[in-house]
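Q: Hi! I'm new to this one, please show me the structure and walk me through a few of its details.

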Amino acid sequence: MTRTARDGATGYGAAGYGAAGYGAAARPDGTTPRRSPATRRDVLRLTGAALAGAAGLGAVSASAGCEFRAGERAGERAGGRGEPGPPDALVVELAGGKLAVVQAATGRLLVQPAPAVISGDGRRLVRAEQSAGTTRLTAHRLPDGAPVSAGTLTGALAVRATSPEGGLVALADDAGPGHTPYRPGPRERTTIVIADGAGQRRRLELPGNLEPEAFDAAEQALFVLDHLPPTAPDRYRVRVVDIASGRVEPLLTRVKAVVPEGTEEEMRGEGRQAVYDPVRKRLFTLYTHQPDHVHTRDRIAAANGAGDEGGDGAAGAREDAPHVHAFVHTLDLTERWAFCVDLPAPYGEQPAAGHTIALSPDGTRLHVADTGSGALATIDPEGLTVLESFRFDPPTGGTGAGGAAPGDAAPAASTAHADGMVLVGAGREVVGLAGYTRGRAPRWSTAAEVRGLAAPPSGDRLYVGQPDAVLRVEPGSWAIRQRIDVPGLVAVRRVVPVG
């Protein structure tokens, strides 16, 4: 699925950009002062007794760290399973960006690896396989992986996005090896195909270098990335395509006014990650390394001669946030507006791979972690303001999956629980956070580098990606209850529970 966001007195709400939205400053000892006990919680505290026991963990305090190592747990067999698991479906990424679906209880492959996308509600996975100038499209129901529709489309097409519930899928002509939605090759025109369970619904031949991003909630429009310039792209803007007419139009502002020509926001796609909010039908996308970025609200203000007192309208020149390097771009799929929430330093200053974003199961909090700096920001997904930002001891113990040099942030992953705890993994550690922290956060080491974290809304189990395997861990005791062999695992992307 896919994403975006906006604001001001000239058509964008100014909420979330004042200094008050960035959280309190750190004390000299490195801790962050509390605000109200009703809205801030200490880091989750685990006792040594809870961490010991049948799982074979040493009686070590949470702040000092503990360890779960594959192959050393009661009930676990070498290369095998462990105790029976729940019938969850695990969406995993393998080599080449291909997605597959594995049944957690048995380790059985439910859906074969292929280029694919998963719907926002997690109940549909759509695969696209090319052969002899055609593309075979297959939709699978989750969690059981059963195929529910299939058809063949003309042309070599790459699957890019589904509607929130998986009823529609958008594909674009495949520009060849190395071409990705955020780093495309040169292309002056783009073929976009909209398909459903019955086959092709619409084929659009459009000017420009476009990549499908997301469908609107009514399934009448498609948001696209419009790469500029088309033949040598180095940036992009988000636009909307009317599916019936094929017209490409600008987005709306947060007050539902059309963004004026020449003021559309342009971005560079470093470190993009996104999460979908099924309650508000919004897509939240994290952007990092954006020191010269100018939001649409600022472009409009500059065009109207306002908002840059004493300045020259240069990029990054806002007085309240002159050094913003990261933000969360919010796309409302119902009302078709966008809004950006700036993140304070140090977000965006460290490698993009060390940043991660997660939405709480109840949808009330959006969390952004920077494992390179050890910082966690919490955002109100309704009001689109930064509620708090605090520091923690970042995960240690490894380099990036691609052999990154020491000092570079390892690829990060995170998941949020309904009880307020946020788990952040990178290198060979998982750190547990729950609100403002004092001192070191509880942490657990893994036998190998973390390759993704996933948990169901209930929060009663946690899946931790490892090279060639996924571990099912029991929260509280943090014992490994099951090892699921997944040869060639790049990352565990999602867990889809039954029911």
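A: Happy to! Let's begin with glutamate 335, which is partly exposed at a relative accessible area of 33%. Buried is under 20%, exposed is over 50% and partly exposed is in between, using a 1.4 Å probe and protein chains only.

Q: Good start. Anything I should know about the model itself?

A: This is a predicted model, where local features need pLDDT of at least 70 and side-chain atom pairs count only at pLDDT 80 or more, while totals for chains, interfaces and linings use all residues. Residues are numbered from 1 along each chain as its sequence is written, and side-chain values use heavy atoms, leaving out hydrogens and water.

Q: Back to that glutamate. Which side chain meets glutamate 335 in a salt bridge?

A: That is lysine 256, at 3.5 Å from N to O. Lysine 256 sits in the loop between β16 and β17 (273-277), and glutamate 335 in the loop between β19 (326-332) and β20 (338-343), so the pair ties together parts 79 residues apart in sequence. A salt bridge here means a side-chain nitrogen of Lys or Arg within 4 Å of a carboxyl oxygen of Asp or Glu. Strands are DSSP runs of E with at least two residues, helices are runs of H or I with at least four, and numbering goes from the N terminus.

Q: How many salt bridges does the structure hold?

A: There are 24. Some share partners: Arg160, Asp173, Arg187 and Glu211 are joined into one network. Another bridge links glutamate 264 and arginine 239, at 3.1 Å from N to O. Glutamate 264 is in the loop between β16 and β17 while arginine 239 is in strand β15, so this pair ties together parts 25 residues apart in sequence. Both residues are buried.

Q: You mentioned β15. What sheet is β15 in?

A: An open sheet of four antiparallel strands, in the order β13-β14-β15-β16. β13 (209-215) and β16 (248-249) are the edge strands, each pairing on one side only. Strands pair if DSSP finds at least two bridges between them; β15 (residues 235-242) and β16 pair over two. Valine 240 has glutamate 249 in β16 as its bridge partner.

Q: New topic: aromatic rings. How many aromatic pairs are there?

A: Two. Tyrosine 287 and phenylalanine 327 have ring centres 5.2 Å apart and planes at 20°, so they are stacked. Tyrosine 287 is in strand β18 (residues 282-288) and phenylalanine 327 in strand β19, 40 residues apart. Both are buried. For the cut-offs, rings of Phe, Tyr and Trp (its six-membered ring) pair with centres within 6.5 Å, and planes under 30 degrees apart are stacked, over 60 edge-to-face, the rest tilted.

Q: And glutamine 103, is it buried or exposed?

A: Glutamine 103 is buried, with a relative accessible area of 17%. It belongs to strand β3 (residues 99-103). Not counting residues up to four places away in sequence, glutamine 103 touches Asp88, Arg108 and Leu110, where contact means heavy atoms within 4.5 Å.

Q: Last one: where is the confidence low?

A: pLDDT, the predictor's confidence in each residue from 0 to 100, averages 77 over the chain, and 72% of the residues score at least 70. Over residues 1-65 pLDDT stays under 50, and over residues 398-409 it is below 50. Where pLDDT is low, the predicted coordinates should not be read in detail.
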